[in-house]
Amino acid sequence: MAIALLIALPLLAVLFLALSPSDDIWNHLIATVLGKYVWTTLGLMMGVGFGTMVIGTATAWLVTMCKFPGRKLFNWALLLPLAVPAYVLAFVVTDQLEYAGTLQVVLREIFGWSSRQDYWFPEIRSLPGAIVVMTLVLYPYVYLLARAAFLEQSVCVLDVSRTLGNGPWQSFFKVALPLARPAIVIGMTLALMEALNDLGTVEFFAVNTFTSGIYDVWLNMSSRSGAAQLASVLLIFVLTLIALERTARSGRRFHHTSSKYSTLACYRLRGPRAALAFLVCALPLSFGFLLPAAVLFSYSLNFYAETLAANYFQYVLNSLTLSSIAAISSVLIGVFMAYGVRLNGSPTVRAAARFASIGYAIPGAILAIGVVIPLGIFDNALDRFLLATLGISGGLFLSGTVVAVIYGYTVRFLALSYGTMEASLGKITPNMDGAARTLGHSPAATLRRVHLPLVRGSLLTAGLLVFVDCMKELPLTLILRPFNYDTLATFVFQYASDELIEEAALGALTIVGAGIIPVILLSWNIVNSRPGQNQDSRLKVTR
Amino acid sequence: MSGLHVSNLSHAFHGDDVVRGVSVFVRPGELVCLLGPSGCGKTTLLRVAAGLEDLQKGEVHLGERLVASGATGFNLPPEKRGIGLMFQDYALFPHLTVAENILFGVKPKSRRQAWMEGALEQMGLAAFAETYPHTLSGGQQQRVALLRAIAPEPSVLFLDEPFSGLDVTRRADIRTQTLNLLKETGVATLMVTHDPEEAMFMADRILVMNHGRMVQDGSPDDIYFRPNSAFVTDLFGAVNRWAGIVTGGQINSPLGIIEASSFNEGQRVQVLIRPDGIRLAAPGTQPAEIAGDAPCRPAPPSVPAGSPVTQRQPGFVVVRARSLGRASQVAFRVPNGTAEDTVMEARIPGRFLPQAGSLVWATVNAREAHVFAID
Amino acid sequence: MTSNQLTPSRIAFGAIALVAALAAGPSTAHADGVKEVNLYSYRQPFLIQPMLDEFTKTTGIKVNSVYAQKGMLEKIRAAGTNNPADAVLTVDIGRLNELKEAGLLQPVVSPTLTANVPAHLRHPDGLWFGLTLRARMVLASKKRVAEGTIRSLMDLADPKIGHNICMRSGKHVYNIALIASVIAHDGEAKAEKWLRGLKANLARKPQGNDRAQAKAIFEGVCNLALANNYYMANMATNDKKPEQKDWANAVRVVFLDQDGRGQHVNISGVALTSTAKNKDNAIKLMEFLSGDYAQRMYAAQNHEYPVKKGVEWSDMVKSWGTFKVDSINLEEIAKYRKAASKLVDKVGFNDGPSS
């Protein structure tokens, strides 16, 4: 409860800001652009939601249930786009597809067109463009969770479906998909929250979403409270969506359907079907990862000197340190909160925990303001206290140090770790708790000796997700970091903010590269976490 | 003195009363079964007694020690109660070996190492000490779970449907093994089950629960032969029912005269007769008597109204007869004064398979004919 | 949760805080005796770092800087009296004015600054000082736009032009300041009419940065664009990306309103925070930035117009010639930012020409 409150503080600060009056912002917005913001945002959410769902689920199903060339590689490689910051991909895609980009140049040469007026080409900087780019970097959330869900499904259930006369396709739609629904929905929720709070990409594509509206009200109309009000509306919207989904899901049980597992029977694909499967997996991987990585690499060749001249290695170190600490702290807090909810599942505690983990949906810079306010109050109080008692100044103990950044990351990414831990703990039967308790173990000891070992895989998953996201994180870092402290992301941003990504290509490439290792760990972790596929003697399968 | 004493316990979930004022007393070395259909509150009672749910009303004592009190809101956490609990799904820790599971609650582990080795040996599990639970069969897991629960030498042991996950063929063996082990350790045991046969076999005393209330508390023999309600009688499987009116302190049924002296004259009652309580024989012969039988006096011949008095009813028409191996199940028609006869089922030890349509004689064992008022 | 469950989390928290504090150690040390100044900068570090290094070299004062975009004002305010930032460096008048309005600045009395920065480019009480001028001018296609076609901002709204103008987002601070200047001069009603005309003449939805607009002219998407002078100059002299030279070569620079109120300009500037701890050092830095060395670097490296008289412009900028500057008070412009932003919403500027 206390932790939930601590984490919820910045959110409460934002809500508090929203309570102060904001003159005529709302009238103005309603009369002019609010409708457009809402529709564009809904369009973006539908597009990204649908795109990530289809790509994430289809690829997850293919690599878990089918055998085709390249499957082993795709198994982990499909996660790679997660490490690519959306704004980087946006830049690369635009660069390649616009008039002077490779594609159009080639087209012009082939068809002999000479100018823009000679042919039609879709507008890249548009809502569809933003949807495609976001889908490409966000589908791994769905893929990750859907794949884990498919792996956990008992084959018995699928076998039953087959014996009841359903073909592989029908089995997928009637059994596997509904069973994996909670996982897919969680993945989509994460993807959508990320899409909602994005500014860089939508700005780049000249798409005006609700979030761009929040920034506009804040920065151009100098209305902090108005921005906070808009952000609160966004928050309520997200909470409503989540609540709706939970209501729709309630009454159904999605527990492990059988405790018996056997090696997953694969559909072996051949010929055109194998080619199709290969293509389905290869496309998102190519556009979401290979293309940006290759383009960044070629930029780096020209501009590596600029990057190395700056404190490149210090930035790398800073990024790695910050992300690691934030990953550990988010996971720890996520575990304690999820376990606290498990121990004391009263609706209030549950709601508090859920509220605390909603920071993911708030635009980063707004959340940063929410972080700055309570930390500032705390620091000043501490400072006065120290001055009064010891005669020394505490200065900005928290908000002037990287503690603020880590706190901010934790608040922001708690949804990732808390959600993962909640789902993972939910799979452990409460009788395990009972068994450990009656065997003389306190709740803390039970957590240590029973739950933590059992959710080890999910702990790693949550930690790595947070790590990868922190490596990319920008708005919070920009506002909260102390003096003379840069990360790879802020370093890249000082160029990217002016669409000068070539100059920072090596930095961007490093962000992407640093994401690969955790992604590979992640995927190795999922395959090994499947019940019945554990190490040594546990390999034996019970029937 | 140790043992478990639950007094006047009530519990509700979301406003629904699940347990209503139940008291349970288990002496050291005694095995008490809570028997009842699913949803009757027996598992809740066990979880509250074990401390896994906070007590709402009533008191729980372990020996002389008060561990939970509804009046003060005091709840000793389960880990401080010194109890053992075995779950229906065993809840073995999948990340620990069999040996690690068993010694999970023991400090220091070395204290019970020797005991564990002996127990594993005795249970035929010695070879599995270092393997992981999911490689074991259901029966093996059950025994590991039991050993884990008793390893810390609890003063009270709770068993929640301990045999329900097992194949029928293995059950008997494992029950015997379990019973032996429990008797050896002399622990006070409260076991929850919905299987009356299991309760009969295991229990020193059976507490029957229904709708959150205690219905009957007695020895297995009491519960079976002296059930205090139709509900308890019914627990042991389908029974034959006969409705009648008390006349002269007895009920005349086609199968004999049944004692009902404790009922008012003219009261409508139901007679419940278990299939095992009916004896059949070919017409003209006397049904074989079994030790303890107390056959009812034959009923006076039924005389159809208006017809001349003829001879005694020759017997009942057999509907079908099936062999169950150890016994035979025979269904026969009993006229009840309406157009449709009552079909009764009788279970006869050994092989007794009269042709459908043939006649049989029938008598009832008075001990197995139970009379209850119709409310 | 009961206390025994919180214990491990408290330990974890403590550990995290400790590690973090250690990691942050070097940057938070308020070591007495070390001369330093703390700077929040809206300017990209790669542009100002060389100047700051030079400052440290000549004065021995260490500059701790952090590149900021959004939220700096909130951060300064939340930190209250403990605010670590001594000076703020911005790229437009809007941010300076916001800080001033929020009461987070303090006046600087410095003969050097007063001498270096002309009076109309600084706050009368010294709450802020302009460091460079940036002209938001028109780029016109050399091939497709005859000289003299566009002479003023008003000409851009002339229906004769047709769908031929490319611009970045109407909400960008540079465009907001431009629109605010129109409101300041002509009033809101006239400004709205003008903005609607401009919108009708757009060739596409506002997008990209200023460079992208020159590129669009090069590609034939449009004939006219609005851009800050240094973007144009940087393209024209970009040896590492020769394609940008082609873009620059496709366009001609047009200073606007030379017969009227003069070319709209914005400033990049600097100010001292009201809670500055290293006030003297900060003022030294401000003076340094207005001095010859820094002004020359602004001009030479980023092709901005230095505020200090007598500092030479870059060759590229010089080649465009001199021009008449709109002499309106910059704070007037800042005052109408909000109105400008609302106007952009009202006419649906960012939806582009079609709607």
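## Two domains of chain B, and a few odd backbone spots

Between domain 1 of chain B and domain 2 of chain B, 2 residue pairs are in polar contact, both at pLDDT 80 or more; a polar contact here is a pair of N or O atoms within 3.5 Å, where within protein one must be able to donate a hydrogen and the other to accept it, and residues adjacent in sequence count only if both atoms are side-chain atoms. On the domain 1 side of chain B, the elements giving two or more residues to this meeting are helix H7 (220–225) and helix H8 (230–234), with helices being DSSP runs of H or I of at least four residues and strands runs of E of at least two, numbered from the N terminus. By class, that side has 5 nonpolar, 3 polar and 1 charged residues; Ala, Val, Leu, Ile, Met, Phe, Trp, Tyr, Cys and Pro count as nonpolar, Asp, Glu, Lys and Arg as charged, and the others, Gly among them, as polar.

Before going on, some ground rules: this is a predicted model, where local features need pLDDT of at least 70, side-chain atom pairs count only at pLDDT 80 or more, and totals for chains, interfaces and linings use all residues. Residues are numbered from 1 along each chain as its sequence is written, chains are lettered from A and ligands numbered from 1 in the order in which they are written, and side-chain values use heavy atoms, with hydrogens and water left out.

So where do the domains sit? In chain B, domain 1 covers 4–82 + 154–234 and domain 2 covers 240–283 + 294–299 + 314–373, with bounds from an automatic or database domain assignment. Their C-alpha centres lie 35 Å apart. The area buried between them is about 750 Å², and carbon and sulfur atoms give 56% of that; buried area is the accessible area (1.4 Å probe) that two parts lose on being put together, summed over both. In domain 1 of chain B, B:Tyr224, B:Phe225 and B:Thr233 lose the most area to domain 2, together 62% of what that side buries. There's also 1 salt bridge between the two domains, meaning a side-chain nitrogen of Lys or Arg within 4 Å of a carboxyl oxygen of Asp or Glu.

Now the backbone. Most residues other than glycine have a negative phi, and most peptide bonds are trans. B:Lys107 and B:Pro108, though, are joined by a cis peptide bond, omega about -10°. B:Pro108 sits in the loop between helix H2 (98–102) and helix H3 (110–122) of chain B.
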